[in-house]
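Open the model in your viewer and keep the selection panel at hand. The tour goes stop by stop.

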Amino acid sequence: MARLESRYVCGTCGASSLRWEGQCRSCGGWNTLVETPGRPVGSAAKRAARSRAPVAAPPLTPLSAVAAADTDRIPLGIREVDRVLGGGLVPGSLVLLGGEPGIGKSTLVLAIGGAIARGIDDARVLYASGEESASQIRLRATRLGVAHGVTGERIDVLPESNVERIVAAADTCAPQLLIVDSIQTLTTDELEGPAGSVGQVRASAARLQAYAKENGVPVILVGHVTKDGTLAGPKTLEHIVDVVLTLEGERYSGLRLLRASKNRFGSTEEVGVFEMAADGLVEVADPASAFLEPESLGSSGVAVAAILEGSRPLLVEVQALVTPALHGSPRRTVSGLDSQRLALLIAVLGRRAGLNLASHDVYASVVGGLSVEEPAIDLPLAIALASALRDKPLAQGSVLCGEIGLTGELRPVNGLERRLREAQRLGFGRAIVPQRMGRRGAAEAENVSGMDIVRAATLREALAAALGPSIDRRSELEPTAIPVVGAGR
Ligand SMILES: Nc1ncnc2c1ncn2[C@@H]1O[C@H](COP(=O)(O)OP(=O)(O)OP(=O)(O)O)[C@@H](O)[C@H]1O
Ligand SMILES: [Mg+2]
Ligand SMILES: [Zn+2]
């Protein structure tokens, strides 16, 4: 084997250098450079020689004459996964599945393996695990119902963490799907570093990508997510793979969400909803209502938001709790919501709607472990805060959506009709939505008949519609120590 010229690649920014250095020259990070296999010595000289010699032009192909790539997807028959993937696994693609420890990554990949084994005649699935023994995998497979019969016969289990040996095994059994659990446990013979080091993760992923492309086999890599929410290993791993899936949810509640944060073969907006049960991840029959807690609807501090995740309308429950801050600066705690957005809404409520939360502790969350980034959550969140502050519940059966601007104006949301139809289907009879409509919004809202639709131009109007006309006035519930902006009007 040719001697390799070492390269050192920054794990933070991906810049590479020929020598190890304590600090990356590109991003300034300390101890971020990691050994990476280089090209054989001499190739640089050869390249230089080649660049001076005349180069024969490679043949060109007009785009119209390029044969359409064979992107026949392999549907899994697991509706929620197929939805997120955009119809199924693409042969030759490299998929990274990330998630926090214990969230259910191994369960999901085994279920996917089972689906392929069950769905394709004479299928072979290779499940390589550097984390668990064959008997541990068998235990889970039994629980998921994929260990027995032809399904179990078609899945090969390989407890192995050396990537060359995994690829050699795959070359022998020629599977329709290769699963590797997890990328952080893999090592390659090319490098000395420990498993999980940036160099090992990168080189192993590159090796598996080459396998996937050469053989047209989809490869699913499991990857651990670190505490700060990034996929462990270099950022470049996300560039190497074709699809990045993330499994999220509250560890101690049953609901799990699968999202694609990158997808070279489809939309990144779709979300799959599962429930973690004893027999694995079970598809949720009606995801639109999975994030509602019937027991708490009708309490103060609770508002129902009609949001859109990709093309899927979801009704989610926003809960807020507001208490006078006892000492020090008031707390703001969020779960599933953006804390900056909460701070902004508190400011807008104070300045534009006469509801002062400046000396209150504020807790706000979305039920069920969903994290909502959509701006349409602004209005339901603001109303939940006001409802909590005044200890006044919303009328039952109301849904809300709308973005709030700094002047307290309500901005239009897209897909209003889809949101309202879903709310109506689930028995909500009243909606408070922005008066300003998107390009097709006005017509959209009119299409939803039989629902009481209140169009509010401002947060103040929405508050009055949701909680009553005098909600911004001082009420006896408010502690006297707090200055009241709206008093006397
Ligand atoms: N016997 C069981 N019955 C019901 N649920 C179980 C059982 N064993 C495990 N689980 C569920 O499966 C979850 C673990 O799933 P899994 O091992 O797939 O997670 P993971 O993301 O692969 O974890 P890790 O990061 O440890 O690899 C547990 O949190 C638990 O909820
Ligand atoms: Mg696991
Ligand atoms: Zn760097």
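Which hand does the crossing of H10 and H13 have? Keep that in mind while you set up the view; the model is predicted.

**Stop 1: H10 and H13**

Select residues 378-390 for helix H10 and residues 459-467 for helix H13. Their axes lie 10 Å apart, and the helices pack at an angle of about 60°. That angle makes H10 oblique to H13, because angles from 35 up to 65 degrees fall outside both the roughly parallel and the roughly perpendicular ranges. The crossing is right-handed.

Now show side chains. On the H10 side, pick Leu-379, Ala-382, Ile-383, Ala-386 and Ser-387. They meet Leu-459, Ala-462, Leu-463, Ala-466 and Leu-467 of H13. Colour this contact by class: nine residues are nonpolar, one is polar and none is charged.

**Stop 2: H9 and H10**

Keep H10 on screen and add helix H9, residues 339-353. H9 and H10 pack at about 60°, with axes 10 Å apart. H9 is therefore oblique to H10. Here too, look for a right-handed crossing.

From H9, select Arg-341, Leu-342, Leu-345, Ile-346 and Leu-349. Their partners in H10 are Asp-378, Leu-381, Ala-382 and Leu-385. By class, this contact has seven nonpolar residues, no polar ones and two charged ones. Pause on Ala-382: this H10 residue is in the contact with H9 and also in the contact with H13.

**Stop 3: H6 and H7**

Move to helix H6, residues 163-173, and helix H7, residues 198-215. Their axes come within 10 Å and cross at roughly 15°. H6 is therefore roughly parallel to H7. H6 passes H7 in a right-handed crossing.

Show Val-163, Val-167, Ala-170 and Asp-171 in H6. Across from them, in H7, show Ser-204, Arg-207, Leu-208, Tyr-211 and Asn-215. The contact divides into five nonpolar, two polar and two charged residues.

**Stop 4: two backbone details**

Hide the side chains and look at the backbone. Most residues other than glycine have a negative phi, and most peptide bonds are trans.

Stay by H7 and go to the loop between strand S7 (177-181) and H7, where Ser-182 sits. Zoom in on the peptide bond from Asp-181 to Ser-182. This bond is cis, with omega near 0°.

Next, find the loop between helix H3 (105-119) and strand S5 (125-129), and select Asp-122 there. What is phi of Asp-122 near? The value is near 60°, positive in a residue other than glycine.

**Stop 5: the largest pocket**

Switch on a surface. The largest pocket holds about 580 Å³ of space. To centre the view, select Leu-308, Glu-309, Gly-310, Glu-373 and Glu-374, which lie nearest the centre of this pocket. In total, 24 residues line the pocket.

Which elements each supply at least two residues of the lining? Select strand S9 (243-248), strand S10 (255-263), strand S13 (302-309) and helix H11 (416-425). S10 gives the most, with three residues.

Colour the lining by class as a last step. Ten of the residues are charged, seven are polar and seven are nonpolar.

Methods: Residues are numbered from 1 along each chain as its sequence is written. Chains are lettered from A and ligands numbered from 1 in the order in which they are written. This is a predicted model: local features need pLDDT of at least 70, side-chain atom pairs count only at pLDDT 80 or more; totals for chains, interfaces and linings use all residues. Side-chain values use heavy atoms; hydrogens and water are left out. Axes are lines fitted to C-alpha atoms, for helices over the stretch in contact, and angles run from 0 to 180 degrees between N-to-C directions. Helices (H or I, at least four residues) and strands (E, at least two) are DSSP runs, numbered from the N terminus. Angles under 35 degrees count as roughly parallel, over 145 as roughly antiparallel, 65 to 115 as roughly perpendicular and the rest as oblique. A crossing is left-handed if the near helix is turned anticlockwise from the far one by less than a right angle, and right-handed if clockwise. Contact means heavy atoms within 4.5 Å. Ala, Val, Leu, Ile, Met, Phe, Trp, Tyr, Cys and Pro count as nonpolar, Asp, Glu, Lys and Arg as charged, and the others, Gly among them, as polar. On a 1 Å grid over the protein atoms alone, a cavity is a set of points where a 1.4 Å probe fits but cannot get out, and a pocket is an open set with protein on both sides within 12 Å along at least five of seven lines; lining residues have an atom within 4 Å of a point. Grid points are joined across faces, edges and corners, and a volume is the space filled by probe spheres set on the points.
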